[in-house]
Amino acid sequence: MKINKQLVIEKLLLASEEDAIAKEARAILTGSKSETPIIFIGAGTCGLGAGAGKTKQAVINYLEKHQIKAPVIEVGCIGLCAAEPLMDVKMPGKQRVCFSHVMAGDVEPILDAIFEGKIHEEKVLGQFNDPEQDPWEGIPFLHEHPFFVKQKRLVLKNCGIINPVSIDEYIARGGYKAYLSTIKKYSPEEVCNIIEKSGLRGRGGGGFPTGVKCRLTLRSESDQKYLVCNADEGDPGAFMDRAVIEGDPHRVIEGMAIIAYAIGATKAYVYIRAEYPLAIARLEKALAQAQEYGLLGHDIYNTGIHLEIKIKKGAGAFVCGEETALMYSIEGRRGMPRPRPPYPSVRGVFGKPTSVNNVETLANVAGIMTNGAEWFASMGTERSKGTKVFALSGNIVNTGLVEIPMGTPLRTIIYDIGGGIAKGKKFKAVQIGGPSGGCITEQNLMIPIDYESLIQVGAMMGSGGLVVMDEDTCMVDIAKFFMDFIQRESCGKCIPCREGTRRMLEILQAISSKPGNDPNEALMRMKGITQLEKLATVIKDASLCGLGQSAPNPVLSTLRWFRDEYEEHVFERRCRAKVCQGLRTYTIDAALCTGCTACAKKCPVNAITGNRKEPHSINQNICISCGSCFETCKFNAIVVS
Amino acid sequence: MNEITIEINGKKVIALKGENLLEVLKRNNIEVPTLCHLKGLFPSGACRMCVVEVEGRRNLVASCSEPVMEGMKIHSHSPRVINARKTIVELLLSNHPDDCLYCERNGNCELQNLAELMHVRERKIAGKKNKYRIDVSSPSLVRDPSKCILCGRCVRVCEEIEGVSAIDFTYRGSKTIIAPAFHKGLNLSSCVNCGQCILVCPTGALKEKSYLDEVRNALNQKDLFTVVQYAPSITVSLAEEFGLEPGTDMNGVLNAALRKIGFKAVFDTSFSADLTIMEESAELIDRITNGGVLPMITSCCPAWVKYAEQFYPDLLPNISTCKSPQQMMGAIIKHYYAMVENLDPQKIYSVSIMPCTAKKFEHTREEQQRQGLPDVDVAITTRELIKLIKMHGINLKELEPELADSPLGSRSTAGKIFGASGGVMEAAIRTAYYRLTGKELVSFKIPAVRGLQGRKETRIEIGSLNLGVAVVNGLQNARLLLEEIRKGRNDIQFIEVMACPGGCINGGGQPIGMKEENIKARMNALYKIDESETIKASHQNPYIIELYNKFLKKPLSHKSHELLHTRYQPRNVIK
């Protein structure tokens, strides 16, 4: 059976009933009836970073060498970044099997085995669970893997599984049906109602009800309206949007098309950071396909509806994730927030009504339209519905992308899904919501994750970055990291954020740097702590945009839960995690020092003296605690305290 | 019903729908400090000085950008609000050079005032300060980014009023500065030197390039014959600074003061404004009758001329070839006055006092000199003049009025009204009418071209000729009109362009901190002079007649072209 565009459109997209041809086409496109083996390579940016490119080449070489005909398909990330590179093999009639940590050298043994009907057990992660395929004996199912078992994958449903740049496969899996039935069945107002009833809230951080936002834009009268998909994911440690676009771009496009219809927009932008070249490339391909299949463009399937989607690359400014700054950037101006009101729904891109929605929000829309508002509202907590994708990173075993129902406790994410703290260390805190969020400690790990409960403990949902920190993390250092980030990324427009964050950073730097000879320093440090809180209050209270208003959060939240660590830094000049370099003292253990002079040669300030072949010593008045002697010494004679 | 009720500090107040909170507060005499606010422009919400507490809102709210809502309860001076404002000022000071005593704006600085207002008496917040090089590349303006508090008013004026956008925010975070494109010097940018940014700058970050020392040096040199001219608007722009009613005409005492300071001859630029009208109206008639390029556009405003050279090179043939009054006066002083008074032109040091920073640029243009002899040697602003007067301890209130020097000191009122937007147009029409019909206008007054609006258009019957004229001020308004011209609009034959809103009475060299009332007072003063005096047209000025009889022969003569006309060329700048 030959699959072409016409067949896909007629039988899979437009047909109301599925006939035999449609069934067969669907089976071919989803790979379940393939007569040849299929090999899938997890080739998201994360996979490629781990070496998936070489793995893929090794697979191609192997197939050539053995003259095996088997397509090699690049898929997105399934979420388990820690296990990458990932390679799936689907043998005819058998379940698809996923192998982890597949470096180029591992390809041959794995493929040798599987073509002989055996599974390379060392590398296997698990097998899929397709009722139409024969399972491999003795191989665990992937959905029962501890990383997956407690997840609920709606947004990530296709990620890592389907070919992201095959619109045929997306359609074969039910894609774009929601869009076409929506524009035929519902009025825009009705779509707004359904979205509102579902309880979907903005996943970009603010949590504004998406349906309400749509209706506000719908009711603004204008000759032109815009939809903007905000893919300017800038939080350190957040990569949900990238993974979704890399793994399943058509889901985002379908969500955009539905929302564009709901608000009456005929033009839409995807504002995506230029640092995501792979996501951009896949999105470009997907957009071209949607255009080719008549799902975008002029008079879509004779409904009289038009939609044009353009990609706008952002130059990597954190503040451009803020919607008004983002709109200025789209217009080609400097990305700086402006006061709201007027809200974008009244005055947005080029002065026209605009709705700005996050990638994950949009990726939820097709599911809601297919399964109904009640279905979506049945998941989650009272005020936070559906699921949330989190990017799990830091000192945790299973780093990666997880999607959980709202209301899941953090403990479940960290210990069950995430596999606990890496290297057997003790958990200290988890930073949620990036630089705008806060940290959550052991005592609050049981709170169910939703918008409101996170705010209660001084954090916020944010876009979904979860950075796990173990006992070796210095909380002052963490606060300093985020403050440094914020003050560099502040747009510089409003005074509290521009000048205030900089002063806060200076205070943090002062309490974690090496004491000088100025007797006033101690006093300044002490004053610093009280001033941190005062500045934080004003910055929160008076800043122009959300970035500024949330800028002091990392400091406030670490101060709230780890005040003792701050006090140690200030009064005892001690960093218990031994992270703050300025507070380390380096001495030389005379018993171990051989007098090789290597450290003295490396010391940038000539603080180390001593005769050749005799123990050396460090002049503490000169030492800047840079640690280069520690790194140089081969005899472990340098003692850090 | 457009009226709604809100509550401010426990008192019910009526507000209008669509109004911003700040307007309501001001109307009710509740003083809320502002820094970035500029009346009439889109609120930027940058400085956060105007924050107030609105009940039910999590954060403080900037009143400049917050529309009023029924039932709003506002606290404009609660402890929380005052704390925020004070901290903001302290934060600004923590990154501001402590050199108030050496600062141009000492005593007239909004940051200083705010520090005083919020009672900042202790350096609570300290830290690293940004240090930047001062940009002295422009002949007109000096930009000191270290003193800039990034309120963005200059950026908005340059973009929204002047349509130039020579400067904008660059870099991020605490490294953010306002600078020309690619962080190059202002001289390479599209800056037209209008100086409107100086008028809105709250601190000393923007100021004119001062030439007071050059002037004082010249005055001290015995062998130099230092002369001075002052622009038409100067005499009505000094009053506020000397404690008089805004708009008071100080022409006579200014002549006296300038002589006291040591200038050997004092001339009124309004005389050469008359001369400009003689040439310009002749040129207009010539273009109309001989099929020249139309519409003709005035050339008095050097900021406009540079703007056209940068952005409208295709319209340069439309611009009148007449030099500006400053330059005509300069040329006449060195070539005619020197001849009459038997002076060596090389020994004449010619100072001009202008309400304008672009004039500093204009006199350095290479076309504005003859055989290495510049028409004008140095131009200073009204602000510099005020300093000069005060430095010399002259009390204007006690001076006896004097007349300017002959034969270049007497003017018609047509030359005087040059100072307000529409003045050049009105003066030119008065003379053109006489030239074309041989008769004087019945009423010299042309109300349709007067006033502070950004664009004024009218049609005027001159005999059989029906002349379409337009007057624009603020270069953004000029841009809008010129775009229409470019698109083929052809019902206008004569256009007056002034870069500064309202014309020279609101020029970039005028005293800082003036309100619209002050500008109106100056305008009214000019028209009052026009009303009260008898010689109302340039061609009636006896000294102008004499100048033509004795020296220039007639408008557009060979001599005129040599001394009084100039040329323009497209200009490449970083746009």
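**Note on the domains and contacts of chain B**

1. In this predicted model, the domain assignment divides chain B into three parts, with domain 1 covering residues 3-77, domain 2 covering 100-208 and domain 3 covering 213-564.

2. A reader who wants to see how domain 2 and domain 3 of chain B are placed may begin with their C-alpha centres, which lie 30 Å apart. Across the boundary between these domains, 18 residues of domain 2 of chain B are in contact with 24 residues of domain 3 of chain B.

3. Which elements give two or more residues to the side of domain 2 of chain B that touches domain 3 of chain B? They are the helices α4 (153-161) and α5 (196-200) of chain B, and the largest share, three residues, is supplied by α5(B). Sorted by class, this side of domain 2 of chain B holds eight nonpolar, seven polar and three charged residues.

4. Chain B also meets the other chain, for 29 residues of chain B are in contact with 27 residues of chain A. On the side of chain B that touches chain A, the elements that give two or more residues are α2 (79-94) and β7 (167-170) of chain B, and here the largest share, seven residues, comes from α2(B).

5. As for the class of the residues on the side of chain B that touches chain A, 14 are nonpolar, eleven are polar and four are charged.

Conventions. Residues are numbered from 1 along each chain as its sequence is written. Chains are lettered from A and ligands numbered from 1 in the order in which they are written. This is a predicted model: local features need pLDDT of at least 70, side-chain atom pairs count only at pLDDT 80 or more; totals for chains, interfaces and linings use all residues. Domain bounds come from an automatic or database domain assignment. Two residues are in contact if their C-beta atoms, placed from the backbone, lie within 7 Å. Helices (H or I, at least four residues) and strands (E, at least two) are DSSP runs, numbered from the N terminus. Ala, Val, Leu, Ile, Met, Phe, Trp, Tyr, Cys and Pro count as nonpolar, Asp, Glu, Lys and Arg as charged, and the others, Gly among them, as polar.
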